[in-house]
Amino acid sequence: PEAIVVTDVALDPYSDQGHDGVVENGVILNDITVNQLCKQAVSQARAGADIVAPSDMQDGRVKAIRDALDSEGFTNVSILSYTAKYASAYYGPFRDALDSHPGFGDKKTYQQDPANGREALIEAALDAEEGADMLMVKPGMPYLDIIRRLKDASDLPIAAYHVSGEYSMLKAAVEKGWLDEKDVVLETLTCFKRAGADIILTYYAKQAAQWMKEDGLY
């Protein structure tokens, strides 16, 4: 009962197209998608979510979700916005597991360009204005500079997502005997914290927590 439940708000797990929105004639329909995301967020709040996390990267969805939650009485449900979610190659293992690779094209029309660091600042300002409670950067390690920029620019908590590709690379190197797993994982998480992350999402969460407990770090 003391655990905080955070839920993902997105349509790609339920789409045979593998995209984060409603698709019509090869086009992602932003406003129709946002309407569906609002329904999803309210449903998750009714089920007990403490925080909803829209990962879709559609325009205007934070304000729409905030309004939808408030109108249904879920004023205390927070929004963790995927503010700077990049069109990254690091999502591969997760998409393989979920079978959610894009059925056509890619996600570059709505996810951010890895070469553009300034766009994150624009999105952060918009999300904060629309009512986001926390801002996410995804992936994590390749975007430490973005974490730092958002930390410097915003008073909101900054989250970093250590994604499946990053996790898999460490696991593969450990299996090859090239890296010490505990040392490299704790160093990686320390780098997120140093860059300015207040929250770290990682597949290593339980293992890292156990290592830190064993080392007397908490």
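In this predicted model, helix α1 is followed by G48, a residue whose phi is positive, near 120°. The helix that ends before this glycine runs over residues 30-47, and its 18 residues reach 26 Å from the first C-alpha to the last, which is close to the 26 Å expected at 1.5 Å a residue.

Along α1, the buried residues are T33, V34, L37, C38, Q40, A41, V42, Q44 and A45, where buried stands for a relative accessible area under 20%. The elements that cover these buried residues include three strands and another helix, as the table lists.

| Element covering buried residues of α1 | Residues |
|---|---|
| β1 | 6-9 |
| β3 | 27-28 |
| β4 | 51-54 |
| α2 | 61-71 |

Two of these strands, β1 and β4, also belong to an open sheet of six strands, which has the order β1-β4-β5-β6-β7-β8 and parallel pairing. Because β1 and β8 (199-202) stand at the edges and each has a single partner strand, one side of each is left without a neighbour in the sheet. From one strand to the next, the twist of the sheet averages 25°.

Which strand does β1 pair with in the parallel sense over four bridges? The partner of β1 is β4, and within β4 it is A53 that stands opposite D8. Helix α1 packs on the sheet and touches both β1 and β4, while the direction of α1 makes about 160° with that of β1. The helix therefore meets, through β1, a strand that stands at an edge of the sheet.

Technical notes:
Residues are numbered from 1 along each chain as its sequence is written. This is a predicted model: local features need pLDDT of at least 70, side-chain atom pairs count only at pLDDT 80 or more; totals for chains, interfaces and linings use all residues. Side-chain values use heavy atoms; hydrogens and water are left out. Helices (H or I, at least four residues) and strands (E, at least two) are DSSP runs, numbered from the N terminus. The expected span of a helix is 1.5 Å times one less than its number of residues. Buried means under 20% relative accessible area, exposed over 50%, partly exposed in between (1.4 Å probe, protein chains only). Contact means heavy atoms within 4.5 Å. Two strands pair if DSSP finds at least two bridges between them. Axes are lines fitted to C-alpha atoms, for helices over the stretch in contact, and angles run from 0 to 180 degrees between N-to-C directions.
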